[in-house]
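Dear colleague,

I am handing over the structure we spoke about, and you will find it just below. My notes on what was found in it follow straight after.

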Amino acid sequence: MHITFGLTFTQYYVISILILSTILLLLRVIRHDIVGLLTIVLLTIGGVVPVNNALSFFGSTAIIVLASIMVISKVLEESGFIDRLADDSTRYLKNSIILILVILTIVSFTSGFVSDVALTAIFIPYMYVVSRNLKKRISKFMIPLSYAAIVGGRYTIFGTSTNLFIDQLWFEKFNEYLSVFQFIKVGIAIIAVSIPTLLLIYLIMPSRENIVTSIEDLKVGGYIIEAEVDDQCEWVGKTRSYIEKNYNVKIRAILPRRMARRRVITSGMTLVLEVPVEKIPSLTSIGGLKITPIEESKQTGELTEVLVPNGSRLIGSNISSEYVMSRYGVKRNRYFIKREEDIR
């Protein structure tokens, strides 16, 4: 008996698109949302997905709700509300166990109304401030945070994308939507079991400190500086990727933000750059690129990298105070301050 496993052209076409999409997602040369749109366009062109079905996804309740939640989450993240909340939390709840218990409870229940990914992204800076104020390693907070966001969102329909799609399928079959709190009994039970477990994980996780074994471990990988671009700068008209590749810098942000969407660098932009230490002198020689802190430091003295270790007498002192300036002869440069905990 002879068995053949021949595939049709459509099947080869779908497999090829799947492989292409996977490669693009792994390489990250194109944003993941663009990859998704490209995939559905190719499937539509090939006749695999009808045009009506392809367009129906954009009008899906699940997609609209998820997109709205992501927008709201980003606004909260950039408003500064989260940082202020973290400072107030550690001020009034000084016991770390009570604080982490409160945080896990808030995250678990908030996850019922906010995307798990978006909620985790919002609370990462919050956890960083909390760990810094409590003088604990941030690694102790990250795992409980992520799992609290995952397990907490099961008690509402729009708490997870899975529930949203179940609700959509239910409507298509029975012509009615499920209740918002359809799964509340199961969801609350999951939260009740998960929070004590996550608290136990927080307690048993070691708060490891990095051990410095050589002078190389004390070096800072790069500095964050601001550079203003004017009409005479050689970077004008160059793409972001070209500058990063040829000048060995990383463009972290472009200010003002309304100009950040442009494909090329233009006059009037202020670039926030991550620069290796050895590349700082070469940037100052680029005409039309004004790096204010560097220029000021060249006029007043030498720019020096200094590590402030744990136990130093400088801890708690104002770097701009007359004591520090008179005793050590240094001047603060706000763009080049690095704490030891940041370079571990």
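In the loop between α9 (161-174) and α10 sits N175, a residue with a positive phi of about 60° although it is not a glycine. Please bear in mind, here and throughout, that this is a predicted model. With a relative accessibility of 60%, N175 counts as exposed, because the cut-off for that class is over 50%. A second asparagine deserves a look as well: N248, which is not a glycine either, has a positive phi of about 55°, and it is found in the loop between α11 (240-247) and β2 (250-255). N248 has a relative accessible area of 40% and is therefore classed as partly exposed.

As for the chain in general, it has 14 helices and 4 strands, and 31% of its 344 residues count as buried. Its accessible surface comes to about 22400 Å², and carbon and sulfur atoms account for 61% of that area. If one takes the contacts in the chain with a separation of 6 or more, 67% of them are between residues 24 or more positions apart.

Much of what I looked at concerns how the helices pack, and α7 is a convenient place to begin. Helix α7 (residues 116-134) and helix α8 (residues 139-152) have axes that come within 10 Å and cross at roughly 150°. Because angles over 145 degrees count as roughly antiparallel, that makes α7 roughly antiparallel to α8. The crossing of these two helices, α7 and α8, is right-handed. On the α7 side the residues in contact include L119, F123, I124 and M127, and they meet a set in α8 that includes F141, M142, L145 and A149. Sorted by class, this contact of α7 with α8 has 11 nonpolar, 3 polar and 1 charged residues.

One of the α7 residues that meet α8 is D116, which lies in helix α7 and, at 17% relative accessibility, counts as buried. Its C-alpha atom and that of I150 are separated by 5.8 Å, although the two residues are 34 residues apart along the chain. Leaving aside residues up to four places away in sequence, D116 touches S111, A149, I150, R154, G159 and T160.

Helix α8 also packs against helix α10 (residues 184-204), at an angle of about 170° and with the axes 9 Å apart, which makes α8 roughly antiparallel to α10. Among the residues that make this contact are F141, I143, P144 and Y147 of α8, together with I190, I191, L198 and I201 of α10. By class, the contact of α8 with α10 has 12 nonpolar, 2 polar and 1 charged residues.

Finally, α7 packs with helix α5 (residues 81-92) at an angle of about 35°, and their axes are 9 Å apart. The crossing of α5 and α7 is right-handed. In this contact I82, D83, L85, A86, D87, S89 and T90 of α5 meet residues of α7 that include I122, Y126, V129 and R132. The class count for the contact of α5 with α7 is 9 nonpolar, 3 polar and 3 charged residues.

With best wishes

Terms used:
Residues numbered from 1 in each chain as written. Predicted model: local features only at pLDDT ≥ 70, side-chain atom pairs only at ≥ 80, totals over all residues. Heavy atoms only, no water. Buried < 20%, exposed > 50% of the residue type's maximum accessible area, 1.4 Å probe, protein only. Contact = heavy atoms within 4.5 Å. Areas by Shrake-Rupley, 256 points an atom, 1.4 Å probe, with all protein chains shown as cover. Axes fitted to C-alpha atoms, helices over the stretch in contact; angles between N-to-C directions. Parallel < 35°, antiparallel > 145°, perpendicular 65-115°, else oblique. Left-handed = near helix turned anticlockwise from the far one by under 90°. Nonpolar A, V, L, I, M, F, W, Y, C, P; charged D, E, K, R; others polar.
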